[in-house]
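Subject: Structure handover

Hi there,

Here is the structure I promised to pass on to you. Have a look at it first, and then read on for my notes on what turned up in it.

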Amino acid sequence: MDDRVLVERQLGRPPRAFRRVAARCAFGAPAVTEQWAYDDAGDPFPTTYYLTCRHLVAAIARLEAAGGVERWSDEVARDPGLAADLERATAEQRRIRRELAGGGTGRDGGTSLDLGIGGSANPGRLKCLHAHAAYALANPGYELGGRILDEVDPPWPTRCCLASPV
C-alpha cells in the first residue's frame, strides 16, 4: 500500500504538505513523515517531522498532559549539554526547512523558515514533545528527542497501530 494512504489512515485525514516517510516503526509502517516547508497553497507547515504512529502520538500526549513540556524545558535550561544539543538540532532544522523550501518563501515571506523544531520561535522553551520525538526518529543522535522517547514504555506496541480499526 502507498505510504501516503497509510499515513492518511493513521491520521484519519489526508496529510498536509506530505513529502515522504522519514522513519518507520518496528512493524515497517510509517512512524514519522517529512513535510515540505509550505503546502500547495503556500501556507507554512513549520513541523518538518510529524509523528504519525498512533501509539507514539498517544504516549507522548500523556507525557505532555503530565507536564512534560515544562519539565523538559526546565531540563534544557539546567543542562548545558542538552541545551547545546537542542541548539545544534535547531540550526539543522532551519537548514533542512530552507532546503525543503527550495528557494520559495510561501505566503509568510519566509519567516517560518527560521522557526525551530515544531515551529518554535523560542527553541529554549519547548512547544511540542511530539515534534522533538519525531525529529529524533528521523535524525538519530538527537539527544533531547531520544530522551523523550525513552520515557515511552513500551517504545512500540505489541501490534501495529494500522492493524487496529481507525
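Let me start with the hairpin: β1 and β2 form one, with five residues between them. In its turn sits Gly28, whose phi is positive at about 90°. Before you go further, please keep in mind that this is a predicted model.

**The sheet**

The two strands of that hairpin belong to an open sheet of three strands, ordered β1-β2-β3 and paired in antiparallel fashion. Its edges are β1 (18-24) and β3 (49-51), each of which pairs on one side only. From one strand to the next, the twist averages 35°.

How many bridges join β1 to β2? There are five, and β2 covers residues 30-35. If you want a specific place to look, Phe18 has Gln35 in β2 as its bridge partner.

Helix α1 (residues 3-11) lies across β1, β2 and β3, and it runs at about 80° to β1. In the loop between α1 and β1 you will find Ala17. Ala17 deserves a glance in your backbone checks, as its phi is near 65°, a positive value in a residue other than glycine.

**From the sheet to a helix**

The count of aromatic pairs comes to three. One of them involves Tyr49 and Tyr135: the ring centres are 5.6 Å apart and the planes stand at 80°, over the 60 degrees required, so this pair is edge-to-face. Because Tyr49 lies in strand β3 and Tyr135 in helix α5 (residues 129-138), the pair ties together parts that are 86 residues apart in sequence.

**Helix packing**

Helix α5 also meets helix α2 (residues 54-65): their axes come within 9 Å and cross at roughly 135°. The two helices are therefore oblique to each other, and α2 passes α5 in a right-handed crossing. On the α2 side the contact has Leu56, Val57, Ile60, Ala61, Leu63 and Glu64, and these meet Leu129, His130, Ala133 and Leu137 in α5. Sorted by class, this contact of α2 with α5 has eight nonpolar residues, one polar and one charged.

Helix α6 (residues 143-150) takes part in two further packings, and I will go through them in turn.

With helix α3 (residues 68-78), α6 packs at an angle of about 140°, and the axes are 12 Å apart. That angle makes α3 oblique to α6. As for handedness, α3 passes α6 in a right-handed crossing. Trp72, Glu75 and Val76 of α3 make the contact with Leu144, Arg147 and Ile148 of α6. The residues of this contact of α3 with α6 divide into four nonpolar, two charged and no polar.

With helix α4 (residues 80-101), the axis of α6 comes within 8 Å, and the two cross at roughly 110°. Is α4 oblique or roughly perpendicular to α6? The angle makes α4 roughly perpendicular to α6. Here the contact is made by Leu82, Asp85 and Leu86 of α4 together with Glu143, Leu144 and Arg147 of α6. By class, the contact of α4 with α6 has three nonpolar residues, three charged and no polar. Leu144 and Arg147 are worth selecting in your viewer: they appear in the contact of α6 with α3 and again in the contact with α4.

**One last backbone detail**

Which peptide bond is cis? The bond from Asp153 to Pro154 is, with omega near 0°. Pro154 is found in the segment after α6.

That is everything I have for you on this one. Happy browsing!

Best wishes

Terms used:
Residues numbered from 1 in each chain as written. Predicted model: local features only at pLDDT ≥ 70, side-chain atom pairs only at ≥ 80, totals over all residues. Heavy atoms only, no water. Axes fitted to C-alpha atoms, helices over the stretch in contact; angles between N-to-C directions. Helix = DSSP H or I, 4+ residues; strand = E, 2+ residues; numbered from the N terminus. Parallel < 35°, antiparallel > 145°, perpendicular 65-115°, else oblique. Left-handed = near helix turned anticlockwise from the far one by under 90°. Contact = heavy atoms within 4.5 Å. Nonpolar A, V, L, I, M, F, W, Y, C, P; charged D, E, K, R; others polar. Pairing = 2+ DSSP bridges. Phe/Tyr/Trp six-rings, centres within 6.5 Å; stacked < 30°, edge-to-face > 60°.
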